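User: I am new to this structure. Please walk me through it in short steps.

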2 protein chains.
Amino acid sequence: MHIDRLSAAERATRLQDLQAQYRALHDQHLALDLTRGKPCDEQLTLSDALDGILGGDFRAADGTDARNYGGLEGLPEARALFAEVLDTPLEETFVGGNSSLTLMYGVIDFALTVGLSGPASAWGNEDSVKFLCPTPGYDRHFGICEHLGIEMIAVPMLDNGPDMDAVEARVRSDKTIKGMWCVPRFSNPTGCVYSEETVKRIAQLGLIAADHFLVMWDNAYAVHTLYDDAAKLPSLHRHCMEQGTLNNVFQFGSTSKVTFASAGIAFLSSGARNLEALQAHMAFQSIGPNKVEQLRHVRLLKDSDTLSQHMAAHAAIIRPRFECVLTTLDTALTGSGMGQWTRPKGGYFISFDTLPGLASRVVQLAAAIGVKLTPAGATFPYGKDPADRNIRLSPTFLSLDDLQTAMDAFVVCVQLASMEAR
Amino acid sequence: MHIDRLSAAERATRLQDLQAQYRALHDQHLALDLTRGKPCDEQLTLSDALDGILGGDFRAADGTDARNYGGLEGLPEARALFAEVLDTPLEETFVGGNSSLTLMYGVIDFALTVGLSGPASAWGNEDSVKFLCPTPGYDRHFGICEHLGIEMIAVPMLDNGPDMDAVEARVRSDKTIKGMWCVPRFSNPTGCVYSEETVKRIAQLGLIAADHFLVMWDNAYAVHTLYDDAAKLPSLHRHCMEQGTLNNVFQFGSTSKVTFASAGIAFLSSGARNLEALQAHMAFQSIGPNKVEQLRHVRLLKDSDTLSQHMAAHAAIIRPRFECVLTTLDTALTGSGMGQWTRPKGGYFISFDTLPGLASRVVQLAAAIGVKLTPAGATFPYGKDPADRNIRLSPTFLSLDDLQTAMDAFVVCVQLASMEAR
């Protein structure tokens, strides 16, 4: 029954009952972690063939010895494979090391200090640099901004992407806004997929924004579908080509959640001008990426079809985990008025909103019985969720049994916090 | 015979003869590259077992799954192995990705913008930041300084390391000098090994320098001996412990020339204060290094003894190449007065000095007959060798036959340039 329709007596009874359940959970001495989107052992094992896959053949298709120095832009066959993932041309796709976060940090630092098109264009020349952050969003994006002194402005995330009316209004009225973070497919944490209209309007931002505006398009879950009917992501590259705004976007991706989280391959794409300038800058930092790891990935993932089959195997492993979370939430909380949650068709997260002001309390209650949740506020700039509602749930890493236990505890914490507050 | 003792007639005859030799070389249409210190195919093949060495066992000794996220400081067993290479404690040794250049750039950028011990300590707060650069030295070190706006001051390299009288005088008199580059064992390009006295005096620089002075100790060739009687490198860590200056040094190393140039493992060490601050900074850029590659390295290189055997196999491959270069120089140029060269006991380079003002001409002559040499001046800050004498020779990459051909051509170019100039 909906919390608002319970009588005082019913609430008191429910509260007592929940407190008893909570004490019972406490006595179980749980130690479960629902915080980060880490692949589980079974998922990682899908790519174990990476080690040894070269069979002594370290030559790239063009004869390059992957073991030796050089090739800052990555091996051609790796660029071809990951260009397909990003839906970008090979020539505008660079392939790097194990971390797209490193690439993203590098691009922002580059735009700040070196400038996308020469020293006069460096954002750091200006008194103030701001970024739009659709919320809830990814804490590590916000961390980069905070660390580099970029002021963050939250804009609402809707079911089809950022609220573009709000985004455009901000961009039009404030020329110190230099960019925006996006996780366009299976957004972190809501799982929404940007619509055609949203992608088109994002491609147009470069036309209405100040010079050297940059969309940071972190396509982290480009191929991470859980269901065949998941919405496809419209091509940002195509829309940018049409608008002439390719140099207003940097697209990123990685195989951290395709192969190995620590030993995957990250890649990026942008317009030719940006890539040329970035490459000249990167040449001071590296002689080239780990091309052996790139070659391993090409031999394992081969092409889009093989990659799709590989991702289907991931989905078969983690879909039951997502369904465990959703079923538990549905069963315990549907119609209760105690929370709302998303039903992603892919990605790594489920976004849960408590009643206003209760997220911190839920996280605290869960922590006290050994269930670690992402800190309340983590999905907002500066770690501050103004409504104190959002909690990011990460279903993938725990075993199904542990996940069920953690979720059973979670819903008790949500109910208890809600009942306490009434 | 010494060039200065040739009569005019003898010089004219020699010049004619050399011009004929040069024309003959031109007609061979050579295409040989003596520029960069790249391992050759046989060397790389010594580590081919890296791919597949894990045999499905991706667990580190402490149970960590190397395939998953985390562990910014590197796997414990990798830290232990590479701490031995640097002669530093495990706790003060971090293990990263494939490039020590990336680590070095990161440390300089960190000291400039974030500060070794908080924002007030950032070098970037000061009007001027300078670095001492022992010359000849490594062009990529100088490139980092130039790119980041750090002024470079050349100091002479002697047979036992940098001219420490000159270094100390500079450091004492100019508080804007914030650091110094060092390649302490088999220095790039002279091949000298820093002496006990030099290392001790370098460890003392932190005491006489301004706050937050940093020795960038690029121990790139720590284990790269060609002969068993090669001088050992005194321990910088021990001297810094004695002086209390551990936070005035960052030590670096990598396996780029131990295993695979593109897929090796880089590492660093410093004092606890620096490492803590650096780690906090790095956490915004990466979730962790490629731990699978780290584990592969530990399984291949195991311990100091296995590593030594591995390096002996490298030496067996490249020693004949170094001897080919030296024999050719000895035979053609000893007593000629046309040049001087070093006889390194390890490392990757031989440093050659032409008569003053002729290095560019030699490089140009060689290029015109298809022998690519490191650009004259590359071993000096801003690419400018004031005496235009130094040429860095890299014997490792070419086959012995090609190397002999290239060196035969090189000595003709040296002789021709010398004779032209008299």
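Analyst: Two residues are in contact if their C-beta atoms, placed from the backbone, lie within 7 Å. With that cut-off, 24 residues of domain 1 of chain A are in contact with 28 residues of domain 2 of chain A. Bear in mind that this is a predicted model.

User: Which elements give two or more residues to the side of domain 1 of chain A that touches domain 2 of chain A, and which gives the largest share?

Analyst: Start with the domains. Domain 1 covers 3–43 + 308–421, and domain 2 covers 59–302. On the domain 1 side, α11 (304–333), β11 (350–354) and β13 (390–393) of chain A each give two or more residues. The largest share, six residues, comes from α11(A).

User: How do the residues on that side of domain 1 of chain A divide into nonpolar, polar and charged?

Analyst: Gly counts as polar in this grouping. On the side of domain 1 of chain A that touches domain 2 of chain A, four residues are charged and seven are polar. The nonpolar residues there number 13.

User: How far apart do the C-alpha centres of the two domains of chain A lie?

Analyst: Take the whole chain before the domains. The C-alpha atoms of chain A fill a box of roughly 75 × 55 × 35 Å along the principal axes. Within chain A, the C-alpha centres of domain 1 and domain 2 are separated by 30 Å.

User: How many helices and strands does chain A have, and what is its radius of gyration?

Analyst: Chain A has 13 helices and 13 strands. For 422 residues the globule rule gives 22 Å, and the value for chain A is close to that, so chain A is as compact as a globular protein of that length. Its radius of gyration is 23 Å.

User: What share of the residues of chain A count as buried?

Analyst: A residue is buried if 20 or more other C-beta atoms lie within 10 Å of its own. Of the 422 residues of chain A, the share that meets this cut-off is 55%.

User: What rotation superposes chain A on chain B, and which residue of chain A comes closest to the rotation axis?

Analyst: The rotation is 180°, with 0.0 Å of shift along its axis and an RMSD of 0.0 Å. That is the relation of a two-fold axis. In chain A, the C-alpha that comes closest to the axis is at 1.7 Å, and it belongs to Gly52(A).

User: Through which surface do the copies meet, and which elements of chain A give two or more residues to it?

Analyst: The interface holds 37 residues of chain A in contact with 37 residues of chain B. Of the interface residues of chain A, 100% are also interface residues in chain B, so the copies meet through the same surface. The elements of chain A that give two or more residues are α2 (41–45), α4 (100–113), α5 (139–147) and α10 (291–301).

User: Which strands stand at the edges of the eight-stranded sheet in chain A?

Analyst: This open sheet has mixed pairing, in the order β2-β9-β8-β7-β6-β3-β4-β5. Each edge strand has a single partner strand, so one side of each is left without a neighbour in the sheet. The edge strands are β2 (93–95) and β5 (161–162) of chain A.

User: Which residue in β9(A) stands opposite Val95(A)?

Analyst: Three bridges join β2(A) to β9 (residues 266–269) of chain A, and the two strands run antiparallel. Opposite Val95(A) in β9(A) stands Phe267(A).

User: Where is the cis peptide bond that involves Pro136(A)?

Analyst: Pro136(A) lies in the loop between β3 (130–135) and α5 of chain A. Omega is about 0° for this cis bond, which joins Thr135(A) and Pro136(A).

User: Is Asp388(A) buried or exposed?

Analyst: Asp388(A) sits in the loop between β12 (371–372) and β13 of chain A. Its phi is positive, about 45°, although it is not a glycine. It has 20 other C-beta atoms within 10 Å, so Asp388(A) is buried.

User: How does Lys302(A) count, with 14 C-beta neighbours inside 10 Å?

Analyst: Lys302(A) lies in the loop between α10 and α11 of chain A. Its phi is near 55°, a positive value in a residue other than glycine. With 14 C-beta neighbours inside 10 Å, Lys302(A) counts as partly exposed.

Definitions and conventions
Residues are numbered from 1 along each chain as its sequence is written. Chains are lettered from A and ligands numbered from 1 in the order in which they are written. This is a predicted model: local features need pLDDT of at least 70, side-chain atom pairs count only at pLDDT 80 or more; totals for chains, interfaces and linings use all residues. Helices (H or I, at least four residues) and strands (E, at least two) are DSSP runs, numbered from the N terminus. The radius of gyration is taken over C-alpha atoms; the globule rule is 2.2 Å times the number of residues to the power 0.38. A residue is buried if 20 or more other C-beta atoms lie within 10 Å of its own, exposed if 12 or fewer, and partly exposed in between; C-beta atoms are placed from the backbone. Copies are superposed by least squares on the C-alpha atoms of residues with pLDDT of at least 70 in both. Domain bounds come from an automatic or database domain assignment. Two strands pair if DSSP finds at least two bridges between them.
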